[in-house]
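This briefing walks through a few places in one protein chain. Keep the structure open and find each residue as it comes up.

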Amino acid sequence: MLTELRGHLGQSLFERVAGPDGAANRARIHDTPGPRWFGPDRPIRRVHGDASMFIGGISALLLQSLHPLAMAAVAAHSGYRGDPWGRLQRTSTFLAVTTYGTAEDAQRAVDQVRAIHQRIRGRTAEGLTYHAADPHLLGWVHAAEADSFLRAHQRYGAHPLDAAGCDAYVADTARVAEALGVIDPPRDRRALSRRLSAYRPELRATAEAAAAARFLLLQPPIPLVARPFYAGLAANGVAVLPYWARSLLRLPRLPVVEDVAVLPAGRALTHVIRWAMSP
């Protein structure tokens, strides 16, 4: 009975995250022979293969939304409301290919994303222009993502990295960021922190960012039976945000509640996900 439950839960989670082509993509990514961008001992493989990514992904989306130009591009072109699962599946496949796939497959995935970015242009409600291929905007998206994934892993990962491992993870992600068009991405945790600080004068919670936060935290496209499970992940996604990001999004910190309820729930949920998906 327990084995059946584990298999059903693991398959359901995998299908949600990887999509209808998940099994075929997984076979191609892991079974195709050839050189990889990252060897089996690299920290990026440990971080991106851990259940803490479920929390880190939510946190990354909230943090990324704080750049008005990046958020305007997402709101106008990503289809996150109309096809949220499709967007998740495309993102997870890209992460899997660049982290675990052959160098040829990883480069092909990067080239496809860069071609899409070249076509995405527009104006914000205030009349400011944006271009998804702008290295400065790409740099923000990358820094917010790398910081969020690492924060989540260090708090909820099965095997948190030591200080050298954290720096190596940031260096690994810089390899992908550079391929996507980021200029001089940070290569250790201190440089990553400085880069985030450098972007802070540009950040604010626009109406589009607030709408994205409501969608992620209060109106997710999740079946009712799974809402409590998702709510626990979302609460922990908020908990790992930098304090200043929470302040901008008006997501107050409740220390007692977070320490007593939210953090233990996050650890329990990631443990269940890890247990269900490891086979």
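Arg-42 sits in the loop between helix H2 (22–31) and helix H3 (43–48). The model is a predicted one. The points below start from Arg-42, then turn to a helix crossing, a buried helix face, an aromatic pair, a histidine and two loop residues with positive phi.

**Arg-42**

- Arg-42 has a relative accessible area of 30%, so it is partly exposed, a class that lies between the limits of 20% for buried and 50% for exposed.
- Leaving aside residues up to four places away in sequence, Arg-42 touches Ala-168 and Asp-172.
- Arg-42 and Ala-245 are 203 residues apart in sequence, and their C-alpha atoms are 29 Å apart in space.

**Helices H4 and H12**

- The axes of helix H4 (residues 53–64) and helix H12 (residues 227–239) come within 8 Å and cross at roughly 55 degrees.
- H4 and H12 are therefore oblique to each other, because an angle of this kind falls outside the ranges for roughly parallel (under 35 degrees), roughly perpendicular (65 to 115) and roughly antiparallel (over 145).
- The crossing of H4 and H12 is right-handed.
- On the H4 side, the residues in contact are Phe-54, Ile-55, Ile-58, Ser-59 and Leu-62.
- On the H12 side, they are Tyr-230, Leu-233, Ala-234, Asn-236, Gly-237 and Val-238.
- The residues of this contact divide into 8 nonpolar and 3 polar, with no charged residue.
- An α-helix has 3.6 residues a turn, so residues three or four places apart point the same way.

**Helix H11**

- Which residues of helix H11 (residues 207–217) are buried? They are Ala-209, Ala-211, Ala-212, Ala-213, Phe-215 and Leu-216.
- The cover over the buried residues of H11 includes H4, helix H5 (68–77), helix H6 (84–100) and H12.
- H4 and H12, which cross each other, are thus both part of that cover.

**The aromatic pair**

- The structure holds 1 aromatic pair.
- The ring centres of Trp-140 and Tyr-199 are 5.5 Å apart and the ring planes stand at 55 degrees, so the pair is tilted.
- The pair links distant parts of the chain, with Trp-140 in helix H8 (residues 135–156) and Tyr-199 in helix H10 (residues 189–199), 59 residues apart.
- Trp-140 has a relative accessible area of 0% and is buried.
- Tyr-199, at 4% relative accessibility, also counts as buried, because the limit for buried is under 20%.

**His-142**

- His-142 lies in helix H8, the helix that also holds Trp-140.
- Is His-142 buried or exposed? With a relative accessible area of 10%, His-142 is buried.
- Not counting residues up to four places away in sequence, His-142 touches Thr-173, Ala-174, Ala-177, Val-182, Pro-185 and Pro-186.

**Two loop residues with positive phi**

- Most residues other than glycine have a negative phi.
- Asp-184 has a phi near 50 degrees, a positive value in a residue that is not glycine.
- Asp-184 is in the loop between helix H9 (163–180) and H10.
- Arg-250 is not a glycine either, and its phi is positive at about 60 degrees.
- Arg-250 is in the loop between helix H13 (243–248) and helix H14 (255–277).
- Arg-250 counts as exposed, at 75% relative accessibility, whereas Arg-42 is partly exposed.

Notes
Residues are numbered from 1 along each chain as its sequence is written. This is a predicted model: local features need pLDDT of at least 70, side-chain atom pairs count only at pLDDT 80 or more; totals for chains, interfaces and linings use all residues. Side-chain values use heavy atoms; hydrogens and water are left out. Axes are lines fitted to C-alpha atoms, for helices over the stretch in contact, and angles run from 0 to 180 degrees between N-to-C directions. Helices (H or I, at least four residues) and strands (E, at least two) are DSSP runs, numbered from the N terminus. A crossing is left-handed if the near helix is turned anticlockwise from the far one by less than a right angle, and right-handed if clockwise. Contact means heavy atoms within 4.5 Å. Ala, Val, Leu, Ile, Met, Phe, Trp, Tyr, Cys and Pro count as nonpolar, Asp, Glu, Lys and Arg as charged, and the others, Gly among them, as polar. Buried means under 20% relative accessible area, exposed over 50%, partly exposed in between (1.4 Å probe, protein chains only). Rings of Phe, Tyr and Trp (its six-membered ring) pair if their centres lie within 6.5 Å; planes under 30 degrees apart count as stacked, over 60 as edge-to-face and the rest as tilted.
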